[in-house]
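Okay, thanks for coming, everyone. I'll put the sequence and the structure up on the screen, and then we'll walk through a few spots together.

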Amino acid sequence: MFSLKEKVVLVTGAGAGIGEAIALSMAKAGATLALADRNDAQLHQVCASASELGVSTLPIVADCSKVESIYAMVRQTVEHFGRLDVIVNNAGVNCPNYVTETDEAEWDFVNAVNSKGVFFGLQAAAKQFIAQGGGGRIINIASIGARGFANASSVAYAASKGAVLGMTRLAAHQLAKHDITVNAICPGVTMTPLAMQTVAMSAKEAGISSEEYVAQAAKMFPLGRANDPEDMGAMAVFLASDEARNITGQSYNVDGGLVMS
């Protein structure tokens, strides 16, 4: 396994789902962890699980739709651990509504977290990396919805994740002179509570149970299976590791072969 010992990693949206899996994968690789989430109870539970793996953890209650909260979580991380080496901008929300039913408030909420939140997380971490003398890893969580996957949960969600792909490429170009890498992971269908909201909506439209929908959906994957959250954890650990030092500006689909690009 890739080693992240002596690296301080900040993961947003770490209280559940993909964020929790990334946090625990980082812990297994030996990283020191700052974990941020809006849900205090879930956050402390994940911190406890990571601590049982023998690493130091710091829970930070943060709202990634607010710039001041994003900068505060980076500041708290550095004040507590003395530095920051990796940020995983994972916090994300959804509004699984049809294109003609999405209203302004839903659009603004999804984009405030999924695109604005990622940008300012990227920015805050980059400033800290530069202040430390350069180097650092920025990992943004996008989606195959940004790649044109037709079964994405909503247009608002796909648009917010498309913004993540664009900022990943340009930020990688601008930050390369500081030896900062910027990459994105594009999860496909992943069995998390957030994804199950979309499954429930699609199953209802099809007039079948969620279990039946999942079984039928498995047939569309070339590899015959959806993602486990840990699949994203494995990719994030690799991109955070020294072995990925010469990879930047890339976006990786992890989706069982749904979208091949």
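Let's start with disulfides: there are 0 of them in this structure, and keep in mind that what you're looking at is a predicted model. Take Cys 47, which is in no disulfide. The nearest cysteine sulfur to Cys 47 belongs to Cys 64, and that one is 14 Å away. Cys 64 is in no disulfide either, with the sulfur of Cys 47 as its nearest cysteine sulfur, 14 Å away. For a disulfide we'd want the two sulfur atoms within 2.5 Å. And are these cysteines buried or exposed? Cys 47 is buried, at a relative accessible area of 5%, and Cys 64 is buried too, at 10%.

Okay, on to helix packing. I've got three pairs to show you.

Pair one is α1, residues 17-28, with α8, residues 229-240. Their axes come within 8 Å, and the crossing angle is roughly 50°. Angles under 35 degrees count as roughly parallel and 65 to 115 as roughly perpendicular, so α1 and α8 end up oblique to each other. The α1 and α8 crossing is right-handed. If you zoom in on the contact, the α1 side includes Gly 17, Ile 18, Ala 21 and Ile 22. Across from them, α8 brings in residues including Pro 229, Met 232, Gly 233, Val 237 and Ala 240. What's the make-up of that contact in nonpolar, polar and charged residues? For α1 with α8 it's 10 nonpolar, 3 polar and 1 charged.

Stay on α1 for pair two, because its contact with α2, residues 40-51, has an angle of roughly 20°, with the axes coming within 9 Å. That puts α1 roughly parallel to α2. The handedness of the α1 and α2 crossing is right-handed. On the α1 side you've got Glu 20, Ala 23, Leu 24 and Ala 27, and they meet Val 46, Ser 49 and Ala 50 in α2. By type, the α1 with α2 contact splits into 5 nonpolar, 1 polar and 1 charged.

Pair three is α4, residues 104-131, with α5. The axes of α4 and α5 come within 8 Å and cross at roughly 15°, so α4 and α5 are roughly parallel to each other. The crossing of α4 and α5 is right-handed. The list of partners here includes Trp 107, Val 110, Asn 114, Val 118, Phe 119 and Ile 130 from α4. From α5, among the residues that meet them are Val 155, Tyr 157, Lys 161, Val 164, Met 167 and Leu 175. Counting the α4 with α5 contact by type gives 16 nonpolar, 4 polar and 1 charged.

Let me pick one residue out of that last contact: Val 164, sitting in helix α5. How buried is Val 164? Its relative accessible area is 0%, so it's buried. Leaving out neighbours within four places in sequence, Val 164 is in contact with Asn 114 and Val 118, and also with Asn 140, Ile 141 and Ala 142. As for Val 164 and Ala 234, they're 70 residues apart in sequence, and their C-alphas are 20 Å apart in space.

Now let's look at a loop residue, Arg 147. You'll find it between β5, 136-141, and α5, 155-175. Arg 147 has a relative accessibility of 28%, so it counts as partly exposed. Not counting anything up to four places away in sequence, what does Arg 147 touch? The set is Leu 165, Cys 186, Ser 251, Tyr 252, Asn 253, Val 259 and Ser 261. Also have a look at Met 260: Arg 147 and Met 260 are 113 residues apart in sequence, yet 9.4 Å apart from C-alpha to C-alpha.

Last stop is backbone angles. Which phi does Glu 6 have? It's positive, at about 70°, even though Glu 6 isn't a glycine. Glu 6 is in the segment before β1, 8-12, and with 77% relative accessibility it counts as exposed. Asp 179 isn't a glycine either, and it has a positive phi of about 60°. That residue, Asp 179, is in the loop between α5 and β6, 180-187.

That's my tour, so let's open it up for discussion.

Key:
Residues numbered from 1 in each chain as written. Predicted model: local features only at pLDDT ≥ 70, side-chain atom pairs only at ≥ 80, totals over all residues. Heavy atoms only, no water. Buried < 20%, exposed > 50% of the residue type's maximum accessible area, 1.4 Å probe, protein only. Axes fitted to C-alpha atoms, helices over the stretch in contact; angles between N-to-C directions. Helix = DSSP H or I, 4+ residues; strand = E, 2+ residues; numbered from the N terminus. Parallel < 35°, antiparallel > 145°, perpendicular 65-115°, else oblique. Left-handed = near helix turned anticlockwise from the far one by under 90°. Contact = heavy atoms within 4.5 Å. Nonpolar A, V, L, I, M, F, W, Y, C, P; charged D, E, K, R; others polar.
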